[in-house]
Amino acid sequence: QENLGQLASAAESYRRALEAGAGNAAETHARRAGVLAMNGQESGARVEYRQALALDPESVAAHLGAGMMALSDGDLEQARASFKTCVRLDPYCAEAWQQLIEAGQIEDPHDEDLQKVRELLDDQGVPAEARERLGFALGKACDDLGDYPQAFAHYRQANQLKRRRLPPFDKDAWTAEVDRLLETSGALEARSEPEAEVVPVFIVGMPRSGTTLVDQILTAHPDAGGIGEVPFLDRVLDDDESTRCRYLESLREVGTRVVTNKYPANFRHLPTLRRLFPDARIVHMIRDPLDTCLSIYFQDFSTGNLYANDLQDIAAYYAGYRRLMDAWAGPDSDVWPLHYESVIDDLENVARGLLEHCSLSWDPVCLEFERNPRPVGTLSRWQVRQPLYRSSAGRWRNYTAQLKPLIQALGPLAG
């Protein structure tokens, strides 16, 4: 994950470069927009992309970034228009082709965009990193069309290419970190009643467990807002009081009484979170282990998650996660367990309990989470704009044969 301080510094550096008139101004505006978007400053990013396109209407980077912003806003039509412009200007823009395939449901095996992606993937001159993106896209399309063996083959090839490019996941180091966390942290302290004028809510769990869905349900409430995925405990902390004050100040800027942080890997920091924020509400998202691990394998994560490209590594990471959560978020803790499948099966009752846990009154607007206007900057940006669908539960059964190594590696954890 990017360090937020480094992002702010990079944005300021690009601003100074623009003031000095250095380099390609359109490219600099587009780069600054990307940094601002990563830092959660969507409105500033939109301004920068508009300025980039005013200077250079054929900037592929600016059209691509503008398309991603439209996608996060839920404006699928505008997003597709931007991505179509990208591939018109650069027919080899793999990222735009990937977004065209992934930002919707493929229903026609002869879909024009799908055919072009197939042709590009067959072109041996396409670079390996572009082939990664195209492989993930083609895997998703085949899954949409029900061709599961072919889908898994494309996902496996894409993951193998990505694994060669990235540093390896160190399973031994992860196990040692889990051991250390359990040795140095006792049971979770009891939650206190709200003290600060803003109530922090932390939504934790494995990636692809439904954290974005629950965040959208919560932040649809008029008294709740969110800051996205902020990994502020992943870096060295100042003293407790300074860290607490700076974080609460960032929440106050949102302007709502309850503010969510949906960074899933905050599960590694639950004792620290409780110490810093004794009044925080913690929601633990739980999803079927095999569905969770399969969904991770099928995602093209942009940063981090080095375990995501190998089924054995995913199993090792999942086992560490379960050890921590079993110790810290058991039935005697005040961490609220929320099963993804329960959200799908009984949304209203689950939403009522969720709102109560987070000190929010009932509001039926939370049942229409897909209309929540907040930008979504994660890989779930398209799914959370759709009504709930049951097909995402038990999806692993489509891949039973291919998942035998994962099921064996998980052992009893497979369920």
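This report describes the sheet, the helices packed on it, two helix pairs and the salt bridges of a predicted model.

**Sheet**

Five strands make up an open sheet with parallel pairing, and their order is S2-S3-S1-S4-S5. Strand S2 (224-226) and strand S5 (336-339) have a single partner strand each and stand at the edges, so one side of each is left without a neighbour in the sheet. From one strand to the next the twist averages 25°. Strands of a sheet pair through backbone hydrogen bonds, either parallel or antiparallel. Here strand S4 (residues 281-286) pairs with S5 in the parallel sense, over four bridges. Opposite Leu338 in S5 stands Met285.

**Helices across the sheet**

Helix H11 (residues 211-219) lies across strand S1 (199-205), S2, strand S3 (258-261), S4 and S5, and runs at about 155° to S1. Helix H17 (residues 347-357) lies across S4 and S5; its angle to S5 is about 155°.

**Helix pairs**

The table lists the two helix pairs with the residues that make each contact.

| Pair | Angle and axes | Residues of the one helix | Residues of the other helix |
|---|---|---|---|
| H11 and H17 | about 70°, axes 11 Å apart | H11: Val214, Ile217, Leu218 | H17: Leu347, Ala351, Leu354, Leu355 |
| H14 and H15 | roughly 130°, axes within 10 Å | H14: Pro289, Cys293, Ile296, Tyr297 | H15: Leu311, Ile314, Tyr318 |

H11 and H17 pack with their axes at about 70°. Because angles of 65 to 115 degrees count as roughly perpendicular, H11 is roughly perpendicular to H17. By class, the residues in this contact of H11 with H17 are seven nonpolar, no polar and no charged.

The axes of helix H14 (residues 289-297) and helix H15 (residues 311-328) cross at roughly 130°, which means that H14 is oblique to H15. The crossing in which H14 passes H15 is right-handed. The contact involves Pro289, Cys293, Ile296 and Tyr297 from H14, and Leu311, Ile314 and Tyr318 from H15. By class, the contact of H14 with H15 has seven nonpolar residues, with no polar and no charged ones.

**Salt bridges**

The count of salt bridges in the model comes to 28. One of these is formed by Arg80 and Asp113, whose closest N and O atoms are 3.1 Å apart. This pair links distant parts of the chain: Arg80 belongs to helix H5 (residues 76-89) and Asp113 to helix H7 (residues 112-122), with the two positions 33 residues apart in numbering.

Key:
Residues numbered from 1 in each chain as written. Predicted model: local features only at pLDDT ≥ 70, side-chain atom pairs only at ≥ 80, totals over all residues. Heavy atoms only, no water. Pairing = 2+ DSSP bridges. Axes fitted to C-alpha atoms, helices over the stretch in contact; angles between N-to-C directions. Contact = heavy atoms within 4.5 Å. Parallel < 35°, antiparallel > 145°, perpendicular 65-115°, else oblique. Left-handed = near helix turned anticlockwise from the far one by under 90°. Nonpolar A, V, L, I, M, F, W, Y, C, P; charged D, E, K, R; others polar. Salt bridge = Lys/Arg side-chain N within 4 Å of Asp/Glu carboxyl O.
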